[in-house]
Amino acid sequence: TRVTMLDTSNTNNNTTTRILKKTYYHQIPLSFNFYVKPNWSVGAGAMYSLFHGAVVEEEMKNKNYQTQTETFSRQRLHIKHFTDSFLYKTQAHFLLQTDYHWNRFSLGLRYTKDLQPFIKFTQPDGVVNEQKNQSLVFILRFRLWKSE
């Protein structure tokens with residue numbers, strides 16, 4: 001987001017820009033897997049995500065038109081339970097997964113795609129835009145013991 005304010009004497013112009021850098025979600029996946037071969041499984045399912053926090057970079061510029069001086073500062077803000085209107089608090093995802101088991105090791109791939117956007121924002125030209133995520137995760141597991 002960008003906010004620009006001009007003071008009443010028209011001498012100072014203050015611009016504050018916030019840029020979203022990272023979001024944190026609690027995720028609960030649920031998938032149903034089927035063994036295609038003895039050591040290879042494929043599956044599909046859904047994942048539910050609940051927003052937990054965000055990292056925002058805030059830039060502040062102040063320009064004084066009388067003295068022609070300009071100050072600039074930048075800081076990172078860690079925001080917990082951010083509930084601004086442009087971030088969605090919950091998300092639903094579709095997932096596909098495959099795993100291969102060999103001895104005590106398991107290798108897997110999980111692809112997730114958002115069914116709904118995680119952010120909605122207005123671009124400087126006035127166009128409203130929504131963004132969806134997708135990810136491909138490589139999984140490596142090691143089984144410590146096997147119960148009989």
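Colleague: Why is Gln68 called exposed?

Modeller: Exposed means over 50% relative accessible area. Gln68 has 53%, so it counts as exposed. Keep in mind that this is a predicted model.

Colleague: Where does Gln68 sit along the chain?

Modeller: Gln68 is in the loop between strand 3 (40-64) and strand 4 (69-80).

Colleague: And what makes the phi of Gln68 worth a mention?

Modeller: Its phi is near 60°, a positive value in a residue other than glycine. Most residues other than glycine have a negative phi.

Colleague: What about Asn103: what is its phi, and where is it found?

Modeller: Asn103 has a phi near 50°, again positive and again in a residue that isn't glycine. The loop holding Asn103 runs between strand 5 (90-102) and strand 6 (105-114).

Colleague: Is Asn103 buried or exposed, and how do you know?

Modeller: The cut-off for exposed is over 50%. Asn103 comes out at 59% relative accessibility, so exposed is the word.

Colleague: Why does Glu148 count as exposed?

Modeller: Same kind of check, with the bar at over 50%. Glu148 has 94% relative accessibility, and therefore counts as exposed. Glu148 belongs to the segment after strand 9 (134-142).

Colleague: How far is Glu148 from Thr17?

Modeller: C-alpha to C-alpha, the two are 59 Å apart in space, with their positions 131 residues apart in sequence.

Colleague: What does the chain as a whole look like in terms of helices and strands?

Modeller: Zero helices and nine strands. Read from the N terminus, the elements go β-β-β-β-β-β-β-β-β.

Colleague: How do you know how the chain compares with a compact globule?

Modeller: For 148 residues, a compact globule would have a radius of gyration near 15 Å, but this chain has 23 Å. The C-alpha atoms fill a box of roughly 80 × 30 × 20 Å along the principal axes.

Colleague: What share of the residues is buried?

Modeller: Buried residues make up 25% of the 148, with the cut-off at under 20% relative accessible area.

Colleague: Which residues form the largest nonpolar core, and what makes them a core?

Modeller: Tyr25, Phe51, Ala54, Phe86, Leu87, Phe118 and Ile119, seven residues in total. To be a core, the residues must be buried, of the nonpolar kinds, and joined through side-chain atoms within 4.5 Å, so this set qualifies.

Colleague: Which residues does Phe86 touch, leaving aside its neighbours within four places in sequence?

Modeller: Phe86 is in contact with Phe118, Ile119 and Lys120.

Technical notes: Residues are numbered from 1 along each chain as its sequence is written. This is a predicted model: local features need pLDDT of at least 70, side-chain atom pairs count only at pLDDT 80 or more; totals for chains, interfaces and linings use all residues. Side-chain values use heavy atoms; hydrogens and water are left out. Helices (H or I, at least four residues) and strands (E, at least two) are DSSP runs, numbered from the N terminus. The radius of gyration is taken over C-alpha atoms; the globule rule is 2.2 Å times the number of residues to the power 0.38. Buried means under 20% relative accessible area, exposed over 50%, partly exposed in between (1.4 Å probe, protein chains only). Contact means heavy atoms within 4.5 Å.
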